[in-house]
Amino acid sequence: MTPSDSSHEGQETETPLKTKRSRPDEGKVKEPAYHRVKMSRSDLYKPPTAEELNQLKEAESLFHCSLLKMQMEELLKEVALSERRKQQIDAFVETVTKLLQAVPDSPKVEMSDLSWLSGAVKVPFIMLPKSTKGKFNMAPPASIDLIGSYPLGTCIKPHIVVDLAVTIPSDVLQQKDDINQRYPRKRALYLAGLAQHLVSSSEIGTMRYSCLHGNRLRPVLLLTPPNSSLTLRVHACPPPGFFKPMRFHPQKNNVRTEWYTGQETSQSESSQPSTPHYNSSLLGDLLPRAHLQFLTAVGSQCSAFADGVALLKVWLRQRELNQGTGSFNGFLAAMLLAYLLTTHRISNTMTAYQLLRNSLNFLASTDLTVNGITLAKNPDSTAPSLSAFHSAFQVVFLDPSGHLNMCAEMTACTYKQLQHEASLSMQFWDNPTVDGFHALLMTPKPMIRTSDHVFQLCDLVKLHSSCKKLNLLSELMDHSGDYVHTALPVILSLLQQGLGQRICLLTHSLSAAPEWSVASNPPKYKDQPPLSFGLLLKPEMAASVLERGPPADSPQAAEFRQLWGSRSELRRFKDGAITEAVLWDAKSMCQKRLVPRQIITHLLQLHAAIPASCVRYVAAMLDDVISTGREVPSTGEEESLAVVQSYDDLSRKLWRMEDLPLSITSVQGAHPALRYTQVFPPLPLNLDYSFFDREKTCGSLVPKEKKPCPPYITPITVICHMEGSGKWPQDHLAIQHIRAAFHIKLGELLKKHHNYTCRPCPTHLDVWKDGFIFRIQVAYHREPQVLRESVNAQGLLVVRDNEEARAVEMATIHKPLLTSTLHGLQQQHPCFGAVCRLAKRWLGAQLFSDDIREDTADLLVTSLFLQPAPFTPPGSPQVGFLRFLHLLASFDWRNNPLIVNLNNQLTAADYTEIKNDFMASRESLPGMFIATPKDKKMSLWTKRAPSIQMLQRVVIVAAESLKVLEQQLMDGSQMQDVRVALRPPLDVYDVLIHLIPKQVPLLKQAVDPPAVTFSQGVFPGGGFKSGGALPVIDYNPVSLYLAELRDAFGDLALFFCDPYGGTVIAVLWKPKAFIPGAFKMSQVSARRLEVRGEEVNAVPNVEAILADFQIMGEGLVKSVEARTDKWSV
């Protein structure tokens, strides 16, 4: 997301200079002629000036490189308003000002009498209670002034909002209008009168009501000129000094309980509850001009002030902190910079970059929830103290008058989020291995992609009951009936207390300011969008099923029981302690990840009367697509652990092997299941032997002809390195024979000592253990070198790289190393494996698994954990998967290498070297370039795939999937079916080959598995016993059929299939294959002759090819669907 909107771009850019020369007689201004400047040799090589030296020094000390400085400068140019747009704004402001000055007078009437308003305009205020004292009449504004960011010079694109203050004449108001909502209602009535006057004007495009930062006490009128995206926000304000600021002390009451409730009370005025939020809303209308004068004076002393504010606003916008109720908006950003300048924490000579950096550093290190700050240098004697503000508000930042808390509506959680984001930005700011510019200012951070868990409160009217349950009447009165924002701080405090050590951060959405037609009544509080909450989890604590409380006899035990209610019980622990405790229901890892949901629903029901049906938890909606479908829901963690434990046991037994000619030097896993990233980890199988026949020579099982395809049993690759010795031959064929002998010997020893069923082969040894098949491959460390060596005709030794040597090196060195590294990463980040499984399930479902292969996908996900900037490492599978899609869709694959710093082995110099080598050799490198510490220049993992065309397709589909998924997850009103993001668009393919479901061994893993089930010869459950016949291994007719198709027709078409239960093979013709070519005897396969005159051309014989598809897949292919409307020969 760029800071500027493309729809505004054409309006913002200046008219380019014409290059065509005009004739003088056309009456046009003659364009200046430009000539190349000729410089002497002395001018070209003269020493840099002092100014140039300063700029170079600044670029070196402040920026990692001059590129970052240029990026900042270009961003500022991009968001700045052009002169043309400023002229449009000035013209529209002048038009509106003239119209407003002509507002007619109206006679005084009671405030409840709205007969003077036409039916086409409504009052932008919820009149509850319905009646209040006072009279009202319309009159022309006393003055009309520009306020806010536009006159200050800090207004930026893309959302251009210009503020216009309209002063209500003093005879419309009375001195006691500050009590019982009299002034806010008169303000709303005045805005309605202005709207009624403007509604018939043709010079106004659209006209709507809204609220300033979502505050219903401060409605505003939004005006848009015809055919423009500009918004003019009209504020109605009292005359300066009309109300005394001391009347809005945070401890004072200005909304009487008797008036608000309609019930008589014996409370005196002094004993009435304070109304700090109501008071600050009214006081905010008194001071906008004074604030503008203050900021203008401060900004005039710092040349980079406007640019610094612009950068800070962009930073806030990308983090969704700049708009809505309680946001840290552009006004607060300007005031923060003003505070830093007036307190000399930053210098007037600093650049915009330095202003942004120091602002973030201040936010990261200063907690305004504990120690508030003030811009008032010499406040008057009536100004309240900071402690008085702290007792009334959660965040305190006082304006220059010392009377107004500018952060009155901000919750402590929002400020903690602001602090967290600033701290995070500072952490990676100076990291030369991170692209600071994109992480800071160009990467959007929506809640669904930032927080590990997200949940929503949907039926907001329930919060009215919460206010009653929590006894918040006085707070509800202070918020003028806004029960949503009355209950919100208390709910946040409750959740913070309950979630405790499980979370790093609790955030919530900032309710957007509602907009509605001037002809409509204001929307009710319950009509707001759902409140969204985000949790940033602590991985080591979040999944704990036990909440251990204080000892039973301690004073804190009563508080613990009061918090948890009936869920709290006394428990004795192994250390002998008897304490209060809460035990949550969860068995598998995917259930433990959702313990926070149980906590949240329990606390909201118990303390806030919010039923579980109102809580929409969206943290695990994607788990079903990788669920193993057993009795206890699982996303593969337990199954992967069983495989790893079985492998560890086998590894120990191999290490203890004796009676071998050479000792074993290392045993390494080289399979995704051993790094927890296999999409569907292998399951131990208990076979039904009635589905199989016995092979006569070795007794292995063979599937019966008329039975369904047996279950697919994946061999788990284990690389077993033998020690180096002079006994090893230097001939590759001899090495293969020695390897085969080792496989036979290992099989005999495993059978003899452990009764494992083994089958040795020349290339590997299959071992049937614990219901898994381990494929042991003996490796000799010099084999790749032997393959590279050859003797030429002159008898000289020649070393030349070749495909076979690279393949052996990949299988025996790179893959085992990657597996062990990622196994370690899984121990640090418990959700790493689940994110990989989701990512690869999506790639398979979208038919990309042959282009972005398993190891490549694992490395892409690894980059999200090792270099998460501007985020923290993913703490849940869902957020990790969303970031994976965003990485695919947004990374600049053409111009940048993706550097995966495994084990933190790469230095800043290595990063620079990799990038320089990448740019120097870009044309010869693969489209997707992934560099690792052991592979800085070649990108071994992506050398063969994906192609440029397929990478472009992946980027497009990833972007669309991300858009659809985020809408599904955050919009509860949509039909909830997240699988829609995993269903491939088959209409783009030319031919579809439909397969017989019974012959697809992984059918149960399909995105939409069929309802009809059939047995594949496996008993449900049951323990596995050692020995027995070897099952059918690595038999997948679909993949074998695909290999045959690619071998036979790979020059004519591309073939795609979902490896996880896909029942359709999609075929895409290659355009070049259909270009008629000259007839050659060597190229007649799958082609027919076409004679035109004397020309004899060979063209693909499509009918015969389609028939071959059916013949080659006999028994597997159900039908071949040719979509001839998509292509023609």
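Reader: Which strand holds V791?

Author: V791 lies in strand β26, residues 789–791. Strands here are DSSP runs of E with at least two residues, helices are runs of H or I with at least four, and both are numbered from the N terminus. The model is predicted, so local features need pLDDT of at least 70 and side-chain atom pairs need 80 or more, while totals for chains, interfaces and linings use all residues. Residues are numbered from 1 along each chain as its sequence is written, and side-chain values use heavy atoms, without hydrogens and water.

Reader: Is V791 buried or exposed?

Author: Look at the relative accessible area. Under 20% is buried, over 50% is exposed, and in between is partly exposed (1.4 Å probe, protein chains only). V791 has 60%, so V791 is exposed.

Reader: Which residues join V791 in a nonpolar surface patch?

Author: L797 and V799 do, and the patch covers about 300 Å². Patch residues have over 30% relative accessible area and no salt bridge; nonpolar side chains (Val, Leu, Ile, Met, Phe, Trp, Tyr) are joined within 5 Å, like charges within 9 Å. Areas come from the Shrake-Rupley method with a 1.4 Å probe, and for residues only the protein chains shown count as cover.

Reader: Now a helix. What span should α32 have?

Author: Take 1.5 Å times one less than the number of residues. Helix α32 has 13 residues, 908–920, so the expected span is 18 Å. Its end C-alpha atoms are 19 Å apart, which agrees.

Reader: Which residues of α32 are buried?

Author: D910, Y911, I914 and F918 are. Down the axis of α32, these buried residues fall within an arc of 105 degrees, so they line one face. The arc is taken from the directions between the helix axis and the C-beta atoms.

Reader: Why can residues that are not next to each other point the same way?

Author: An α-helix has 3.6 residues a turn, so residues three or four places apart point the same way.

Reader: What covers that buried side of α32, and what sits on the face turned away?

Author: The cover includes β28 (898–899) and β29 (930–931). The face turned away carries the exposed residues A909 and A920.

Reader: How do I read the backbone for unusual spots?

Author: Check omega and phi. Most peptide bonds are trans, and most residues other than glycine have a negative phi.

Reader: Where are cis peptide bonds found here?

Author: One runs from L128 to P129, with omega near -10 degrees. P129 is in the loop between β1 (109–110) and β2 (135–136). Another joins K157 and P158, with omega about 5 degrees. P158 sits in the loop between α6 (149–152) and β4 (161–167).

Reader: What is the phi of H213, and what is the phi of S480?

Author: H213 has a positive phi near 55 degrees. H213 lies in the loop between β5 (206–211) and β6 (219–224), and is partly exposed at 31%. S480 has a positive phi of about 55 degrees. Its loop runs between α19 (473–478) and α20 (483–499). S480 is buried, at 10%.

Reader: How many salt bridges does the structure hold?

Author: It holds 48. Each is a side-chain nitrogen of Lys or Arg within 4 Å of a carboxyl oxygen of Asp or Glu. One joins E569 and R571, with the closest N and O atoms 2.9 Å apart. E569 is partly exposed at 35%, and R571 is partly exposed at 30%.

Reader: Which residue pairs with R675?

Author: D858 does, with closest N and O atoms 2.9 Å apart. R675 lies in the loop between β18 (664–669) and β19 (686–687), and D858 in helix α30 (residues 854–866), so the pair ties together parts 183 residues apart in sequence. Both R675 and D858 are buried.

Reader: What other salt bridge does D858 form?

Author: D858 also pairs with K840, at 3.0 Å between the closest N and O atoms. K840 lies in helix α29 (residues 832–845) and D858 in helix α30, so parts 18 residues apart in sequence are tied together. D858 has 0% relative accessibility, and K840 has 3%, so K840 counts as buried. Shared partners join R675, K815, K840, E854, D855 and D858 into one network.

Conventions: Contact = heavy atoms within 4.5 Å.
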